[in-house]
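Here are my notes on the cavities and the aromatic contacts. Please read them with the structure open.

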Amino acid sequence: MKKTVVTAPLGRQGVAPVVLTLLLGLPALAAHADDNSRMLSSQPQPPDVRLGPLFNAVQQAQFYPDQKTFADAVPKFDPASILADWQMQKNQRNFDLKRFVASNFTLPAAGEKYVPPAGQSLRAHIDGLWPVLTRTAKSAGRYDSLLPLPKPYVVPGGRFREVYYWDSYFTMLGLAESGHWDRVQDMIDNFAWELDTYGHIPNGNRSYYLSRSQPPFFSLMVDLLATHEGDAAYSKYLPQLQKEYDYWMADSDSVAAGQASKRVIKLTDGTLLNRYWDSRDAPRTESWLDDVNTAKKAPQRDKGELYRDLRAGAASGWDFSSRWFSDAHNIASIRTTQLAPVDLNSLMFHLEQTLAKAYRLDKQQDKAKHYADLAEKRQAAVNRYLWDDKQGWYADYNIKTRQVSPQLTAATLFPLYMQLASDKQADRTASAVEKQLLKAGGLLTTTVNNGQQWDAPNGWAPLQWVAVEGLEHYNKPQLAQQVGLRFLQNVQTTYDKEQKLVEKYVVDGPNLGGGGGGEYPLQDGFGWTNGVTLMLLDKYCPKDKTCNSVKDIPQATTAAK
């Protein structure tokens, strides 16, 4: 008879985690952190830190098609005691790692596939999805990577079982359009709670996302709520707006000219810009094996630097894109932390403007002037350093080469979206976008086709909305309408065929529809696509009617040609 080697964890009956850590020789587990090392001592540790070599072994074994599966698994017992058991059992004859995992962890269950009622219009489908995508997490298990939030929230869908920061703004646009202002309020309150609790809004409400944020859309969320609640929203969330700014600008007073620290870049002339940054330099918990394999392709690179750049790419929301690569077809050439991104710095301009407005409403005139001055300086910096006058568009600034990136991407429209471009710059940017990025199914993300999901031939809902709004700000309604209606027709056609909305879409080529590329399969749902679709349906609908699908919009067919 074979002896079963999967036993109850020996450390479960009172062996202190500190003692186990010393016995197992794991002092380096959190060695890949800088300012995050202090966070790890007081905030929930991510699974790769809690479980160390056991986590690595499971991810290397590739038991699950999605590496996020084990990252989201919940230990049934104290992780330190599970780790101790594994250390003792792993070299025994007939040890079965997969069985060990099944005995000691609860894996995330696949949600029941949502089947919409037959014959639903596009609008009705989206309205029906909001409750399907709504979650609550007032409390989480002691060892769960999920972080609790006080109020309900809407997740993107598919593998994304938690709320995501920048996704949520576009989701909230749709919630507001559907009349769910209570849920908009709940989600803003959750983000405010995270700012109060963690000092920033994490990438998502998972312990492994605590080391980074995402594009700072909190000030736009407050703007959105203010359209419904009035200016009182600015005063209510002023403390959290300030905390958001303090997080992004940490070290701005102490960093030397020509240097960068955390999320701040100080150019040689003293100009301040921001960059994406993750406070850890280890493989991403949710994509551990992908990052390890990427590092193998670049043996000459410092692994910590490479991992940090991959993590910073995830913080950007554009994970991944040739935009961050020095070699457009090689992810191992990623250098996110060398770049001052045009979208991030445009959003920081909006945050500074919003703080100026909030302090003005709060009758703190000195602070209002301070942030108005900072916004003015930011505008000048973006228009000086992130503008390519030769090519006629905005792009990211490389602090190492001291040059603006030559690549045109959909991020070029953020200065128009945040209204910091001059009319001449907007004209030239719009012309480049129309010639190079506007395609049959909407706006391309970049012109590079390399298998990454934030590259050609894909287009993404949030970038379509940024384009539409940005172009309208500069009196280009026809081009804006072409972007919006072409993408909307793409969404409608895909929905008519498959009865679902998806995370990203192919916008160029003979086969429009659901997008591809990247580290995981195409996801259904989908929060930000739902939100942008509703906004576009209503934007282009005749004022005297409700448009439930694209066929209700008279000009849709013309714009799609």
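1. The lining of the largest cavity mixes classes: ten residues are nonpolar, five polar and nine charged. Bear in mind that this is a predicted model. The volume of this cavity is about 280 Å³. In total 24 residues line the largest cavity, and F160, Y164, Q214, D319 and Y520 come closest to its centre.

2. How many cavities of 30 Å³ or more are there? The count is two. The second largest has a volume of about 50 Å³. Its lining holds four nonpolar, four polar and two charged residues. Among them are R323, V342, Y394 and D396.

3. Aromatic pairs number 33 in the structure. One of them joins Y359 and Y371, and this pair is stacked, with 5.8 Å centre to centre and 10° between the planes. The pair links distant parts of the chain, twelve residues apart: Y359 belongs to helix α16 (residues 342-361), and Y371 to helix α17 (residues 365-385). Are these two residues buried or exposed? Both Y359 and Y371 are buried.

4. W387 and Y394 make an edge-to-face pair. Their ring centres are 4.8 Å apart, and the planes stand at 65°. W387 is buried, as is Y394. Y394 also helps line the second largest cavity.

5. Two arginines deserve a look. R263 sits over the face of Y247, 3.7 Å from the ring centre. R323 lies over the face of W318, at 4.5 Å from the ring centre. R323 is also in the lining of the second largest cavity.

Technical notes
Residues are numbered from 1 along each chain as its sequence is written. This is a predicted model: local features need pLDDT of at least 70, side-chain atom pairs count only at pLDDT 80 or more; totals for chains, interfaces and linings use all residues. Side-chain values use heavy atoms; hydrogens and water are left out. On a 1 Å grid over the protein atoms alone, a cavity is a set of points where a 1.4 Å probe fits but cannot get out, and a pocket is an open set with protein on both sides within 12 Å along at least five of seven lines; lining residues have an atom within 4 Å of a point. Grid points are joined across faces, edges and corners, and a volume is the space filled by probe spheres set on the points. Ala, Val, Leu, Ile, Met, Phe, Trp, Tyr, Cys and Pro count as nonpolar, Asp, Glu, Lys and Arg as charged, and the others, Gly among them, as polar. Rings of Phe, Tyr and Trp (its six-membered ring) pair if their centres lie within 6.5 Å; planes under 30 degrees apart count as stacked, over 60 as edge-to-face and the rest as tilted. Helices (H or I, at least four residues) and strands (E, at least two) are DSSP runs, numbered from the N terminus. Buried means under 20% relative accessible area, exposed over 50%, partly exposed in between (1.4 Å probe, protein chains only). A charge sits over a ring if NZ of Lys or CZ of Arg is within 6 Å of the ring centre and within 35 degrees of the ring normal.
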